[in-house]
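Student: Please give me a close look at the strand pairing here, one partner at a time. After that, set the pairing in its wider surroundings.

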Amino acid sequence: MAEAAVLDPVVLKTPKPLRRRKNTLVVVLSLVVLVVSMVLAVRIGVGASWAEIGRAAGGRLGLPVLPLPRLLDSLIWDLRLPRVLLAALVGAALAVCGAVLQSVTRNSLADPYLLGVSSGASTGAVVVVVLGFAGSQLGVTGGALIGALVAFGLLMLLLRRTGLDSSRIVLTGVVVGQLFAALTSLILLSSGDADSIRAVTNWLLGSLASARWTSVAVCAAVLAAGLLVVWLCSAALDGFAFGTDTASSLGVDVRTTRAVLLVTTSVLTAVAVAAVGAVGFVGLIVPHGVRFLVGPLHRKLLPLSAVVGAVFLVWTDALTRVVFSPLEVPVGVFTALVGVPLFLLVLRKRGEL
Amino acid sequence: MENLSWGVPGKTIVRDVTLAVEPGETVGLIGPNGSGKSSLLRCVAGLRTPTAGVVRYDGVEIASWPARERARRMAFVEQTADTDSDLRVSEVAMLGRTAHRSRWRGPDAADHEIVAAALERLDLTALADRPWKQLSGGERQRTHLARALAQRTAGLLLDEPTNHLDVRHQLELMELVGGTPQTVVVALHDLALAARYCDRLVLMHGGTVVADGAAADVLTAPLLREVFDVEAEIGRDSLGHLAVGYREPVR
């Protein structure tokens, strides 16, 4: 491209369709990888053959296939499939939030939990567990969602009169997070017994074991809406690269865009955390890895982060199930164990380590 | 610009400035550090809301425009705008098309042509694919200017654009700035460069305009003594350009 560009401005145009085709190829390829990963992940750990999975799917779709034994059918359909789908949705949501927040705050260490929303979710979950409503899984999820939204409300209240300046966002998020983390510890230590502490710790680390179709549906709807909103802001996010003044002079309404992006990422994080707990690391490393692959422009970065985040969490969850079987270890424990070496590899390739 | 003032709490940085810039004019903004040049430029660019006074563009108050409208009329280049991001030169220049593009689609063929032309004008075509981190200070400054040109605005506001440039690129850039049909307001430290390429000089001191007019009327020994606290001699170099020589500062 560099050589071609020197010759003649007309030659400049030729690489463009090529580049576009390459982009399409990357998108198609990554989607294929995602679908294959999900199918494989459904199979891993169930001990079902391909034919049996085919029969499970066929039966549901009303195809004339030999019905599966009820137990196996229920295992695949009610437990495994929602779990894999939820892993994909949550992975995508966290990765996209991380990518957006890293650009909004111009801080490469930013991740979805920076805003304190997840700490609010844990407080909500702890309250539910300690009060003894934890019997139904929906109770914990509902409590976490309420806690996350309260933390989000507090964050916005504190940021209301500021210019939504990046360092203010980071500081306020940390303050809100610390407040709710302290509340969580306080409640847990003052009125929690050993069982509830164990239950909460498991939940805090993030576990997909409780995945049900309702959470899948809620996450899918919120993710679709959130992705569209942030994708429409991708040009503005690119503009943030050189700071507020340059962004504004490029025609980006900095305040409004930041507010829209903060609300969107907070809601996405809240729903993801409420569904599965605070799965760490995905939102931090996936955007960095994807930037390394396709560059920093958000039109490509955001969709691809979503797909890579989804694949990453689907695989990590599948691995967690196999490696620790029959123990149910929170996937959040494993994301860092898998993520750290991958991340170091990316840094080394980039020559930054 | 009428009776424009701007300040931070407890300090007024731009005081009661009134300036009119004619279309196509190149106005050089000069003055010592802290005299309010950058703040004034930011007010004119619509990036700061003046505490008093208004900025008008073709008779319309710019505060009434949304950011997008503003960015199609005026481009602004900051003194130092850096990034950690791995953007390439052509991608930075493409940022200039932000206000011209729909949110729904990426850059089209016309955008690519405009960016290619802007890079060509700043001698950056060969560097189009170079990542930001590998650029020298001067190359970064030129990339920002290419981005501003890609905005295709009638107005161009530049805050010390020659800062990191070597002599050749300083001259080339000022040729370009002085020669463009765009209306330019440029803050400069190099008085001789300002005198040579600007149609008009505005001298600022302590947030106010102390002189406004042709270079020969603004760059006078008494004014420079008053504003910059230097003993200067103004003459012509052997090529006939205005030159400023300074004596040792007296302590």
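Tutor: Start with the criterion: two strands pair if DSSP finds at least two bridges between them. Keep in mind that this is a predicted model.

Take strand β3 of chain B, residues 26-30, and strand β9 of chain B, residues 183-187. Between them there are 4 bridges, and the two strands run parallel. The criterion asks for at least two bridges, so β3(B) and β9(B) count as a pair. One position to look at is B:T26, which stands opposite B:V184 in β9(B).

Now turn to another partner of β3(B). Strand β10 of chain B covers residues 200-205. It too is joined to β3(B) by 4 bridges, in a parallel arrangement. Here B:G28 has B:L201 of β10(B) as its bridge partner.

Next, move from β10(B) to strand β11 of chain B, residues 208-213. The direction here is antiparallel, and 5 bridges hold the pair. Find B:V202 and look across: its bridge partner in β11(B) is B:D212. These two strands form a hairpin. The turn leaves 2 residues between them. In that turn, B:G206 takes a positive phi of about 55 degrees.

Put the pairs together. The sheet is open and has 6 strands of chain B, in the order β7-β8-β9-β3-β10-β11. Its pairing is mixed. Both directions have already appeared: β3(B) and β10(B) run parallel, while β10(B) and β11(B) run antiparallel. Which strands stand at the edges? They are β7 and β11 of chain B. Each has a single partner strand, so one side of each lacks a neighbour in the sheet. From one strand to the next, the twist averages 15 degrees.

A short helix is worth a glance too. Helix α8 of chain B spans residues 215-218 and contains B:D217. B:D217 counts as partly exposed because it has 13 C-beta neighbours inside 10 Å. Compare its position with that of B:D82: they are 135 residues apart in sequence, and their C-alpha atoms are 37 Å apart in space.

Now the surroundings. In the contact between the chains, 33 residues of chain B meet 29 residues of chain A. On the chain B side, the elements that give two or more residues are α2 (67-73), β7 (74-77), α3 (89-95) and α4 (109-121). So the edge strand β7(B) is also on that list. By class, this side of chain B has 15 nonpolar, 7 polar and 11 charged residues.

Chain A is built on another plan: 15 helices and 0 strands. Of its 353 residues, 47% are buried. Take its contacts between residues at least 6 apart in sequence: 76% of them join residues at least 24 apart.

Look at one helix pair in chain A. Helix α4(A), residues 70-104, packs against helix α13(A), residues 282-294. Their axes are 7 Å apart, at an angle of about 70 degrees. That makes the two helices roughly perpendicular. Contact residues in α4(A) include A:G91, A:L94 and A:A95, and those in α13(A) include A:V282, A:G283 and A:L284. The residues of this contact divide into 8 nonpolar, 4 polar and no charged.

Helix α4(A) also matters for the core count. The largest nonpolar core has 171 residues, and A:L86, A:V90 and A:A93 have the most contacts inside it. From α4(A) come 19 of its residues, the largest share. Leaving aside neighbours within four places in sequence, A:A93 is in contact with A:C219, A:L223, A:G226, A:L268 and A:A272.

Finally, two loop residues of chain A. A:R106 lies in the loop between α4 and α5 (117-131). Though not a glycine, A:R106 has a positive phi of about 50 degrees. A:F281 sits in the loop between α12 (254-276) and α13. A:F281 is not a glycine either, and its phi is positive, about 80 degrees. Which of the two labels, buried or partly exposed, fits each residue? A:R106 counts as partly exposed because it has 18 C-beta neighbours inside 10 Å. A:F281 has 24 such neighbours and so counts as buried.

Definitions and conventions: Residues are numbered from 1 along each chain as its sequence is written. Chains are lettered from A and ligands numbered from 1 in the order in which they are written. This is a predicted model: local features need pLDDT of at least 70, side-chain atom pairs count only at pLDDT 80 or more; totals for chains, interfaces and linings use all residues. Two residues are in contact if their C-beta atoms, placed from the backbone, lie within 7 Å. Ala, Val, Leu, Ile, Met, Phe, Trp, Tyr, Cys and Pro count as nonpolar, Asp, Glu, Lys and Arg as charged, and the others, Gly among them, as polar. Axes are lines fitted to C-alpha atoms, for helices over the stretch in contact, and angles run from 0 to 180 degrees between N-to-C directions. Angles under 35 degrees count as roughly parallel, over 145 as roughly antiparallel, 65 to 115 as roughly perpendicular and the rest as oblique. A residue is buried if 20 or more other C-beta atoms lie within 10 Å of its own, exposed if 12 or fewer, and partly exposed in between; C-beta atoms are placed from the backbone. A nonpolar core is a set of buried Ala, Val, Leu, Ile, Met, Phe, Trp, Tyr and Cys residues joined through C-beta atoms within 7 Å.
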